Amino acid sequence: MLILNKTAGVFSKPSKRNMYEFLRSFHFHPGKRFLHKLVLGIETSCDDTAAAVVDETGNVLGEAIHSQTEVHLKTGGIIPPVAQQLHRENIQRIVQEALSASKVSPSELSAIATTIKPGLALSLGVGLSFSLQLVDQLKKPFIPIHHMEAHALTIRLTNKVEFPFLVLLISGGHCLLALVRGVSDFLLLGKSLDIAPGDMLDKVVSGGVASNLHIRKALEIVTDATQCTLLCPPPRLCTDNGVMIAWNGVERLRAGLGILHSTEGIRYEPKCPLGADISKEVGEAAVKVPRLKMKI
């Protein structure tokens, strides 16, 4: 049973028995060798339970996902306790499927990366609890992941993109424009004030994929006019997934950023901004520029 501290998002570790049995279910291959570092990514920030194994060159060795969409459609929205219970029921199976598909035994992993912020508190708690048990049993480094950072860096998995670059993240719950200067170096240029465009479009357009197409067409007009290059990850990597979490873990592992060898005091954060917020200064500057042009 997960025990939550309402103010801090801290939980006590459950029994190790299930984790021990889980690890025993794998067939180890002592003679097998991997040339590259391997990261297991675990994602449970909202209503998708996902896991993936990615190597440091960007090869996706195995992945699995369980979507709760069907259940939440019946209730007209995501009910956090229901999402929590579904994560609990599926997380072990999903991680096992991802590892099995990758043909990587848990002992061969270089690190475990897990979303700990932002997201639904009850959902984040399930992924973090499971991950910490795994880390404790395997004695592997733990890499806490910011959900939006993972989305932002996905394009570096699918395309050769160097820093810095401009990223626009649009989803049902978040909308932000940021300058990405490094793996964990973000300047937040702007964000939605109330409802996110993804949420609004999903109410008037048939689903997330259709919303993405409308948004991408609009962005193409902007990038064509400004002579910029528009790069978008494939649709399957635009939804919540374990691949982006594992890849974010790889990026941090290579850069030596946020790698924990002790998980004491680690906690999830339901609300957490991305990078340094300079949106107010950007907004003020944007208002001044047209006035200056009018005087010339």
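Which residues does Ala178 touch, not counting residues up to four places away in sequence? That was my opening lookup, and I kept in mind that this is a predicted model.

**Ala178.** I found contacts with Phe165, Leu166 and Val167 on one stretch of numbering, plus Phe186, Leu187, Leu188 and Leu189. Ala178 sits in strand 9, which runs over residues 175–182. I checked its exposure too: the relative accessible area is 0%, so Ala178 counts as buried, the cut-off being under 20%. I also looked at Leu168, 10 residues away along the chain from Ala178, and got 6.6 Å between the two C-alpha atoms.

**Cores.** Next I pulled up the largest nonpolar core, which has 30 residues. Phe22, Leu40, Val95, Leu109, Ile112, Phe130 and Leu134 have the most contacts inside it. Elements giving two or more residues to this core are helix 1 (17–24), helix 3 (80–102), helix 4 (121–138), strand 3 (38–43), strand 4 (48–55) and strand 6 (111–117). Helix 4 supplies the largest share, eight residues.

I then took Leu109 by itself. Leaving out residues up to four places away in sequence, Leu109 touches Leu38, Val39, Leu40, Val53, Leu99, Val104 and Lys140. There is also a second, separate core of 17 residues, and I noted Leu157, Val243, Ile245 and Trp247 among its members.

**Surface.** Last, I went looking for nonpolar side chains on the outside. Val71, Ile79 and Val82 make a nonpolar surface patch, with about 180 Å² of accessible area together. Val82 belongs to helix 3. Its relative accessible area is 31%, so I logged Val82 as partly exposed; exposed would need over 50%.

Conventions:
Residues numbered from 1 in each chain as written. Predicted model: local features only at pLDDT ≥ 70, side-chain atom pairs only at ≥ 80, totals over all residues. Heavy atoms only, no water. Core = buried A, V, L, I, M, F, W, Y, C linked by side-chain atoms within 4.5 Å. Buried < 20%, exposed > 50% of the residue type's maximum accessible area, 1.4 Å probe, protein only. Helix = DSSP H or I, 4+ residues; strand = E, 2+ residues; numbered from the N terminus. Contact = heavy atoms within 4.5 Å. Patch = residues over 30% accessible without salt bridge, like charges linked within 9 Å, V, L, I, M, F, W, Y side chains within 5 Å. Areas by Shrake-Rupley, 256 points an atom, 1.4 Å probe, with all protein chains shown as cover. Salt bridge = Lys/Arg side-chain N within 4 Å of Asp/Glu carboxyl O.
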